[in-house]
Amino acid sequence: MNHEIESEICEISVAPVKAANGEVDDDGRSRRTGTVWTASAHIITAIVGSGVLSLAWCLAQLGWIIGIATLVIFSGISLYTSGLLAECYRAPNSVKRNYTYRDAVKNYLGGRKYKALGLVQYTLLCGAMVGYTITASISMVAISKSNCYHKEGHKAPCKYSYNPYMIALGIVEILLSQIPNFHKLSWLSTIAASMSFSYAGIGMGLSFAKIVSGHGEKTTLTGVEIGPDLTATDKTWRIFQAIGNMAFACSYAAILIEIQDTLKSSPPEQEVMKKANTIATFTATTLYLMCGCLGYAALGNHAQGNILTGFGFYEPFWLIDLANFFIVVHLLGAYQVLAQPVFGVVESWAGNRWPKSKFINDEHHLGIGKNNSKFSVNFFRLIWRTAFVAMATLISMAFPFFNEVLAFLGAIAYWPMTVYFPLEMYIVRKEIKRGTICWFGLHLVNLVCLLAALAAGCGSIQGVNQALHTYKLFKFTQ
């Protein structure tokens, strides 16, 4: 992408979505129908991913006391800053809506910060889509391996290539990506959110069963101990990575404004969004604590990165297969929730650049099924979204260690997206004076989160370095 296109993408907002049935809000956009429950479902879909199953590993690195405290602190910070961000949905000194996170930063902070935010946000979202493809394929491979172990025994050499599974996922995502916008995704988010509870519940159930049967592994207050198999340096890197995983697991600011823009105008969007944030964060944190603590109590300091794919459990195999199937379904939905802002910004740029192009702007309405259900097709959307998903799938196949790269992107993006920009915009909106107690308090939170992000970034770099010496392009099997 050349410099001219980059500049234009950084200087536009998502264009109005034309309503097929003529129902529009006062700004000419499609009438919003979202509620506190649909917003909560969107947030839970984005925040509760398969990473919840890695929290047992995080606790194994940090131990009971620091691990639980870290998770609760990051959840509290995310809830607080998301509330500040909700206040910034409307432009300063105006009733004009900010349709995207970048719109809000542009109206409140402007200039270089706006462009920097665009680069961070969309890099993170694109990276997350690649990471989700890899993670979903890991669960699909885990299903095959679980069946193999059940038939051949736990010592059998069951290995499978990820490539066929990634290709299948890419085809499904191409079809789902033709959903025009967030307003049409409520059903998908609801299904995906229910899947997250299902596989997390299975993981907790398997862990609880192992604990009550008396086969729980050794745990410690300080986590895995330094010894012949673990140096002090490796322990430090693991702690940094665990802190980064927990911080990133509790962040979801990248799409909050877009979700808030789906809410009905009455009652006031910021009030509804704060309720949705509270519901989603409380639900996610409770789920995180239960899954992490039960998983750690069951698997101890030897807990793997994912308790359902690392084979901390082998039986009942059909239940493990079901849980991994739920993971795949959830990630299919979460992929689309994260993809919509990326699709929207490119389609907005193209529409503004060539406003008279029928290829880019015209919607073609098709009748599907016996009830002649209406489906809107746009040729540019069809081609561009298909190409984008295909490219994301190809990158996933070429670089299966992208999860380590994604961990680095997450560490870098956590601080600006979840903490820095919401705090700065809130200071501008409330006209908080420099040097006041409130100003110092907000910047103290800012500093602590920056240090945590830097530590997590260092741990992620070390993980990327190790991965580069392990994997081969298009040849990864497990």
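Here are some numbered notes on this predicted model, going from the overall fold to single residues.

1. **Overall picture.** The chain has 478 residues, and 53% of them count as buried. Its secondary structure comes to 16 helices and two strands. If you look at contacts with a separation of 6 or more, 81% of them join residues 24 or more positions apart. Keep that in mind when reading the points on H4 and H5 below, where several partners sit far along the sequence.

2. **The core.** The largest nonpolar core has 122 residues. Helix H12 gives the most to this core, with 20 residues. Which residues have the most contacts inside the core? They are Ile43, Tyr101 and Tyr288. Tyr101 turns up again in the next point.

3. **Helix H5.** This one spans residues 101–108, and six of its eight residues are buried, so the helix is largely enclosed by the rest of the structure. The buried set is Tyr101, Arg102, Asp103, Ala104, Val105 and Tyr108, so do note that charged residues are in there too, Arg102 and Asp103 being buried under the 20% cut-off. Just after H5, Gly110 takes a positive phi of about 65°.

4. **Tyr101 and its neighbours.** Tyr101 is one of the buried residues of H5, and its contact list is worth clicking through. Leaving out residues up to four places away in sequence, Tyr101 touches Leu85, Leu117 and Gln121, then Ala253, Ala254, Ile257 and Glu258, and finally Pro416, Met417, Phe421 and Pro422. Two of these partners, Gln121 and Glu258, are not in the nonpolar class.

5. **Helix H4, at Thr81.** Thr81 is in helix H4, residues 64–87. Is its side of the helix buried or exposed at this position? Thr81 is buried, because its relative accessible area of 2% is under the 20% cut-off. Setting aside neighbours within four places in sequence, the contacts of Thr81 are Thr418, Val419, Pro422 and Leu423. Pro422 is also on the list of residues that Tyr101 touches.

6. **Helix H4, at Thr70.** Thr70 is in helix H4 as well. With a relative accessible area of 11%, Thr70 is buried. Not counting residues up to four places away in sequence, Thr70 touches Leu62 and Met246. If you measure from Thr70 to Ala247, you should get 8.3 Å from C-alpha to C-alpha, for a pair 177 residues apart in sequence.

7. **The disulfide.** How many disulfides does the structure hold? There is one, between Cys148 and Cys158, with the sulfur atoms 1.9 Å apart. The angle about the S-S bond is -70°, which makes the link of Cys148 and Cys158 left-handed. Cys148 sits in helix H6 and Cys158 in the loop between H6 and H7, ten residues apart. A disulfide is a covalent bond between the sulfur atoms of two cysteines.

8. **How accessible the cysteines are.** If you have labelling chemistry in mind, these are the values in the model. Cys148 counts as buried at 15% relative accessibility, and Cys158 is buried at 4%. Cys449 is buried too, at 0%. Cys126, by contrast, is partly exposed, with a relative accessible area of 25%.

9. **Cavities.** The structure holds four cavities of 30 Å³ or more. About 40 Å³ of space lies in the largest cavity. What lines it? The residues are Tyr132, Thr133, Ala136, Leu169, Glu173, Leu331, Leu332 and Tyr335. Helices H6 (111–152), H7 (163–176) and H12 (317–353) are the elements that give two or more residues to this lining. By class, the lining has six nonpolar residues, one polar and one charged.

10. **A backbone oddity at Glu431.** Glu431 has a positive phi of about 55°, although it is not a glycine. Where is it? Glu431 is found in the loop between helix H15 (402–430) and helix H16 (437–468). At 61% relative accessibility, Glu431 counts as exposed, because the cut-off for that is over 50%.

Technical notes
Residues numbered from 1 in each chain as written. Predicted model: local features only at pLDDT ≥ 70, side-chain atom pairs only at ≥ 80, totals over all residues. Heavy atoms only, no water. 1 Å grid on protein atoms, 1.4 Å probe; cavity = no way out; pocket = protein on both sides within 12 Å on 5 of 7 lines; lining within 4 Å. Points joined across faces, edges and corners; volume = space filled by probe spheres on them. Helix = DSSP H or I, 4+ residues; strand = E, 2+ residues; numbered from the N terminus. Disulfide = S-S within 2.5 Å. Buried < 20%, exposed > 50% of the residue type's maximum accessible area, 1.4 Å probe, protein only. Core = buried A, V, L, I, M, F, W, Y, C linked by side-chain atoms within 4.5 Å. Contact = heavy atoms within 4.5 Å.
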